[in-house]
Every structure is written in structure tokens, then in C-alpha cells.
Amino acid sequence: MSIQLETATFANGCFWCTEAIFQLLDGVESVTSGYTGGTIKNPTYREITTGRTGHAEAIQIKYDASKISYQEILDVFFSTHDPTTLNRQGYDKGTQYRSAIFYHNLEQKEIAENFIEALTKEGVFDDPIVTEVTALDVFYKAEEYHQNYYINNKTQGYCVAVINPKLEKFIKKYKTKLKQ
């Protein structure tokens, strides 16, 4: 039996952090770090960091929808970053760190918009959600050294100081959804 994988694309801050989180979820087959949402073709990390390309650091997730739903992935997305800060996540500032959902089809768009509406009605966040919901145009894979960054650099300062605390919090909340 072959698995039919679905694709989700999100921007929610530094892709090193978000990649590390989503790689732990049962049903997620792969996570690719990259860039999307801007105007420059084939951007480089050096260009992205200027904040002038319009692109966001993003991740593209391939997942088995029979194990994890798009809605469950959205739940992780919204609970692992601050969707109320415009163009900022923690110390990372600029449009390249914005909160965004890049939908692949109208069903994803509708689910995302309904999810945001529900979070707003429930008052989950003190401030308004600023996450953009935009059709995916092109996703550019980031340079190879960005792929599996946390897995390959666990003792690097950023990983220890920033990613480890996020992972610890995430693991406590989602232990039933993690790969075994």
C-alpha cells in the first residue's frame, strides 16, 4: 500500500526551530527548510536576511493525512510561535520572520481561515492574530546546510539556547502525537 502524502507550507520564525518541531510529529514524513512569499527568484540565505526579498523563512511539510490531519498540523503551528507579532518571532525581526500559512488548495485555505476564526472567538491569544493566509506560489529549498539543522548541530549555541527550550515545551504538550 502506497502512502499519499499531503503538503503544508508555513512560515513561523526561524526555520531551524520550526523544522526541528515538525520533524518529531508522527505522520510527518519530511520537513524542508526554504523560502517563499517574495518576488526574487532562487533567493539565497544572504539575500533573505536583508529583509528586502519579500520572502519568509518557511518550512514545507510532507505528511501522511491518515496519521495526522492538516488541522492537527495547524494546531502545532499556532502553539509553537506567536502569531500576534507582526514580522517578528522572539529576537528575530523582519518580514522574513512573519507568521504565514501558504495554502496549496482551497480546502487548506478554508481550514486555515476557520482555525484562525475559532482561535480568535475563543480568545486564545491576548492580541489579534496577524498570520497571513496566502496561496503558495513557489517554494525555494534553502541551502543544504539549513536542512536538518538542529539534528546536525544540537550543541551549537543557538540550538542549545533557543531550540532546546522550544522542543522541551513542545514535547510536554504533544507527547501523544510524537514519533515513537
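Which residues lie nearest the centre of the largest pocket? They are Thr80, His81, Asp82, Gln89 and Lys166, out of 18 residues that line the pocket. The model is a predicted one. Its strands include an open sheet of 6 with mixed pairing, and its largest nonpolar core has 40 residues.

**Sheet**

- The strand order in the open sheet is β7-β6-β1-β3-β2-β8.
- β7 (132-135) and β8 (140-141) are the edge strands; each has a single partner strand, so one side of each is left without a neighbour in the sheet.
- Strand β6 (residues 99-103) pairs with β7 in the parallel sense over 4 bridges, and with β1 in the antiparallel sense, also over 4 bridges.
- On the β7 side, Tyr103 has Ala135 as its bridge partner, and Phe102 stands opposite Thr134.
- Between β1 and β6, Phe10 has Ile101 as its bridge partner.

**Strand β6**

- 5 of the 5 residues of β6 are buried, so the strand is largely enclosed by the rest of the structure.
- Ser99, Ile101 and Tyr103 point one way from β6, while Ala100 and Phe102 point the other way.

**Helix α3**

- Helix α3 (residues 70-79) lies across β1 (5-12), β3 (56-64) and β6, and runs at about 20° to β1.
- Tyr70, Ile73, Leu74, Val76, Phe77 and Phe78 of α3 are buried.
- The buried residues of α3 pack against strands β1, β3 and β6, and against helices α1 (15-22), α4 (106-122) and α6 (157-174).

**Nonpolar cores**

- Within the largest nonpolar core, the residues with the most contacts are Phe10, Phe22, Ile61, Phe78 and Ile101.
- Two or more residues of this core come from each of β1, α1, β2 (28-36), β3, α3, α4, α5 (149-152) and α6.
- Another core, of 6 residues, lies apart from the largest one; Ala56, Ala58, Phe102 and Phe139 are among its members.
- Nonpolar side chains tend to be buried together in soluble globular proteins.
- Leaving aside neighbours within four places in sequence, Ile61 is in contact with Glu6, Thr7, Ala8, Phe10, Phe22, Val28, Ser30, Val31 and Ile73.

**Largest pocket**

- The volume of the largest pocket is about 460 Å³.
- Helix α6 gives the largest share of the pocket lining, 8 residues.

Terms used
Residues numbered from 1 in each chain as written. Predicted model: local features only at pLDDT ≥ 70, side-chain atom pairs only at ≥ 80, totals over all residues. Heavy atoms only, no water. Pairing = 2+ DSSP bridges. Contact = heavy atoms within 4.5 Å. Axes fitted to C-alpha atoms, helices over the stretch in contact; angles between N-to-C directions. Buried < 20%, exposed > 50% of the residue type's maximum accessible area, 1.4 Å probe, protein only. Core = buried A, V, L, I, M, F, W, Y, C linked by side-chain atoms within 4.5 Å. 1 Å grid on protein atoms, 1.4 Å probe; cavity = no way out; pocket = protein on both sides within 12 Å on 5 of 7 lines; lining within 4 Å. Points joined across faces, edges and corners; volume = space filled by probe spheres on them.
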